[in-house]
Amino acid sequence: MGCQASFSMPHEAFGRWLNEALNQSLKLDEISLILTQAKTVLDRTKLSWQHTSDEYQLTLEDGSAQISHQCLSDEYGFEAESLEENFDFYDEEASSHCGLEDFIEALEDWQMFVAENSHRY
């Protein structure tokens, strides 16, 4: 099972991503890699960086972090070009964004939490 995170709206997708992709001590190296890359984007050593897991894509750029579920259109049977012009499809569990500094702080806390607690699961 692993550790569990819960984020409030409109950041629920970050919680789902952590729960599904980065919730065990086996993922600590991956978390460290993401943190390293986030810090290089924050200090503008890199302009952007993307990380793709089985179901989610993380994009770091322009001072922000965005997480998107890869299969959103498949799950709901929608394709972006087939949606009506005025149709606003939004699912907080599928896509979220936040500032890069907040993302780094949350991910550092998550890394510490997983390291300290994943042996219990």
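These exercises work through a predicted model, each with a solution in steps.

**Exercise 1. The nonpolar core**

Find which residues of the largest nonpolar core touch the most other members, and which elements build that core.

*Solution.*
Step 1. The largest nonpolar core has 26 residues. Trp 17, Leu 58, Leu 60, Phe 103 and Trp 110 touch the most other members.
Step 2. Now turn to the elements. Helices H1, H2 and H4 (100-117) each give two or more residues to this core, and so do strands S2 (56-61) and S3 (64-69).
Step 3. H4 makes the top contribution, with six residues.

**Exercise 2. Around Trp 110**

List what Trp 110 contacts, leaving aside its neighbours within four places in sequence.

*Solution.*
Step 1. Trp 110 is in contact with Cys 3, Gln 4 and Ala 5, among others.
Step 2. The list goes on with Leu 18, Asn 19, Leu 22, Asn 23 and Ile 31.
Step 3. Check Cys 3. Its relative accessibility is 0%, so Cys 3 counts as buried.

**Exercise 3. The cover over H1**

Decide how many residues of H1 are buried, name them, and say what they pack against.

*Solution.*
Step 1. Seven of the ten residues of H1 are buried, which leaves the helix mostly covered.
Step 2. The buried residues are Ala 13, Phe 14, Gly 15, Trp 17, Leu 18, Asn 19 and Ala 21.
Step 3. They pack against two helices, H2 and H4, and against strands S2, S3 and S4 (95-99).
Step 4. Trp 17 is on this buried list. Trp 17 also appears among the residues that touch the most other core members.

**Exercise 4. A buried asparagine**

Place Asn 23, judge whether it is buried or exposed, and find a polar partner for its side chain.

*Solution.*
Step 1. Asn 23 sits in the loop between helix H1 (12-21) and helix H2 (28-42).
Step 2. Its relative accessible area is 7%. The cut-off for buried is under 20%. Asn 23 is therefore buried.
Step 3. A polar atom of the Asn 23 side chain lies 2.9 Å from the backbone oxygen of Asn 19.
Step 4. Asn 19 is itself one of the buried residues of H1. Both Asn 19 and Asn 23 are in contact with Trp 110.

**Exercise 5. Salt bridges**

Count the salt bridges and describe each pair.

*Solution.*
Step 1. The count is three.
Step 2. Take Glu 20 and Arg 16. Their side chains meet at 3.2 Å, N to O. The two are four residues apart in helix H1, so about one helical turn separates them. In general, an α-helix has 3.6 residues a turn, so residues three or four places apart point the same way.
Step 3. Check their accessibility. Glu 20 is partly exposed at 40%, and Arg 16 is partly exposed at 31%.
Step 4. Take Lys 27 and Glu 30. Their side chains meet at 3.7 Å, N to O. Lys 27 is partly exposed at 31%, and Glu 30 is partly exposed at 22%.
Step 5. Take Lys 39 and Glu 108. Their side chains meet at 3.0 Å, N to O. Lys 39 belongs to helix H2 and Glu 108 to helix H4, so the pair ties together parts 69 residues apart in sequence.
Step 6. Lys 39 is partly exposed at 38%. Glu 108 is partly exposed at 31%.

**Exercise 6. Backbone features**

Locate the cis peptide bond, then examine the positive phi values of Arg 44 and Asp 62.

*Solution.*
Step 1. The peptide bond from Met 9 to Pro 10 is cis, with omega near 0°. Pro 10 lies in the segment before H1.
Step 2. Arg 44 has phi near 65°, a positive value in a residue other than glycine. Arg 44 is in the loop between H2 and strand S1 (48-52). Its relative accessibility of 69% makes Arg 44 exposed.
Step 3. Asp 62 has phi near 50°, again positive in a residue other than glycine. Asp 62 is in the loop between S2 and S3. Asp 62 is exposed, at 69% relative accessibility.

**Exercise 7. Cysteines**

Count the disulfides, then judge whether Cys 3 and Cys 98 are buried or exposed.

*Solution.*
Step 1. The disulfide count is zero.
Step 2. Cys 3 is buried at 0% relative accessibility.
Step 3. Cys 98 is buried at 16%.

Notes:
Residues are numbered from 1 along each chain as its sequence is written. This is a predicted model: local features need pLDDT of at least 70, side-chain atom pairs count only at pLDDT 80 or more; totals for chains, interfaces and linings use all residues. Side-chain values use heavy atoms; hydrogens and water are left out. Buried means under 20% relative accessible area, exposed over 50%, partly exposed in between (1.4 Å probe, protein chains only). A polar contact is a pair of N or O atoms within 3.5 Å; within protein, one must be able to donate a hydrogen and the other to accept it, and residues adjacent in sequence count only if both atoms are side-chain atoms. A nonpolar core is a set of buried Ala, Val, Leu, Ile, Met, Phe, Trp, Tyr and Cys residues joined through side-chain atoms within 4.5 Å. Contact means heavy atoms within 4.5 Å. A salt bridge is a side-chain nitrogen of Lys or Arg within 4 Å of a carboxyl oxygen of Asp or Glu. A disulfide is a pair of cysteine sulfur atoms within 2.5 Å.
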